[in-house]
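Okay, hi everyone, thanks for making the time. Let me put the structure up, and then we'll walk through it together.

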Amino acid sequence: MDLSRDEWLDALGMDAKDIPKAVIMEGSWWRAQRTEWRLSYLDDVRELAFPDMFYGYWQGSPVVYSCVYGAPRAAELAHLFGVLGTPRMVMIGTCGALDPSLATGDVVVPSWAVAREGVAHLYEAVDDATGTIPSDPGLTALGRAALESRGVRTADSLHLTWSSIFAQSGAMVEEWREAGYGSVDMEAATLFAVANHFRFAATALLVVWDQLTADRSFLDPLTSKEQTLLNAANTAVFEVVLEVTADL
């Protein structure tokens, strides 16, 4: 939709002075639980005219949070606020590990993502030879350093964004691992592509959950230690995102 900034502002019921400093997206099935949890950090929260776009304040800085799932939904949110001129956006959530050295509770903060999700190429930001799209170096470095200062182990793996967690076979996972991909999600490369198109800063902080090379999915039980690490990392990524985006 080729709408202008003013048209989007009118559709959202917002004034130009209220454009958020940051947009935080989270790729998760558990929309109600994650939304309630994340919004508990913000003040004066309201839902915008479009559903699941929540506007609030963190230490006086306006931010938008939305639980998205899959590349099309991530592109819509990033595109809309890219037109408005929001300067930075971050994708949080979980990812699958393709690198056996990654453990549950680690956080992948990729410098590059490989787009295989069917949306990023529409924004003409994908390297035709490699399919890669960069995250913003400065914002990525800030996020990685802030996590490590909290004792969270981070990784800068070559990250793959794929279209569906159900449309991946064991043979496909092995092919990805052999190609050098360290982790996989469904939204990060999409966000990076839209960011490159509209020239805003974007990064991703993705908590490792699945161990795909060990044939362990999110349906398999975690040990109590793994669950503790997963929960702590999911808390840390949101708090870090607030610190490094809204406060810049």
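So, to start us off: where is Trp29 found? Have a look along the chain. Trp29 sits in a loop, the one that runs between strand 1 (22-27) and helix 2 (31-39). Before I go on, keep in mind that this is a predicted model.

Is that tryptophan buried or exposed, or something in between? Trp29 counts as partly exposed, because its relative accessibility is 42%. And Trp29 has company out there: together with Trp30, Tyr69 and Phe166, it makes a nonpolar surface patch of about 480 Å².

Okay, let's zoom out. What does the whole chain look like? We have 7 helices and 12 strands. Along the principal axes, the C-alpha atoms fill a box of roughly 50 × 40 × 30 Å. For 248 residues, a compact globule would have a radius of gyration near 18 Å, and this chain comes in at 17 Å, so the two agree.

How much of the chain is buried? Of the 248 residues, 54% are buried. As for the outside, the accessible surface adds up to about 10,900 Å², and carbon and sulfur atoms hold 51% of that. Then there's how the chain meets itself: if you take contacts with a separation of 6 or more, 75% of them are between residues 24 or more positions apart.

Now let me take you to one residue on the inside, Thr190. You'll find Thr190 in helix 6, which covers residues 188-198. Thr190 counts as buried because its relative accessible area is 0%. So what does Thr190 touch, leaving out residues up to four places away in sequence? Those partners are Ala71, Ala75, Glu117, Val119, Ala120 and Thr161.

Last stop, the cysteines. How many disulfides does the structure hold? The count is 0. Let's see why, taking Cys67 as our example. The closest cysteine sulfur to that of Cys67 is in Cys95, and it is 16 Å away, so that's too far for a bond. For comparison, the cut-off for a disulfide is a pair of sulfur atoms within 2.5 Å. Start from Cys95 and you get the matching answer: its closest cysteine sulfur is in Cys67, at 16 Å, again too far.

And are those two buried or exposed? Cys67 counts as buried, with 7% relative accessibility, and Cys95 counts as buried too, at 3%.

That's my tour, so over to you for questions.

Notes: Residues numbered from 1 in each chain as written. Predicted model: local features only at pLDDT ≥ 70, side-chain atom pairs only at ≥ 80, totals over all residues. Heavy atoms only, no water. Patch = residues over 30% accessible without salt bridge, like charges linked within 9 Å, V, L, I, M, F, W, Y side chains within 5 Å. Areas by Shrake-Rupley, 256 points an atom, 1.4 Å probe, with all protein chains shown as cover. Salt bridge = Lys/Arg side-chain N within 4 Å of Asp/Glu carboxyl O. Helix = DSSP H or I, 4+ residues; strand = E, 2+ residues; numbered from the N terminus. Buried < 20%, exposed > 50% of the residue type's maximum accessible area, 1.4 Å probe, protein only. Rg over C-alpha atoms; globule rule 2.2 N^0.38 Å. Contact = heavy atoms within 4.5 Å.
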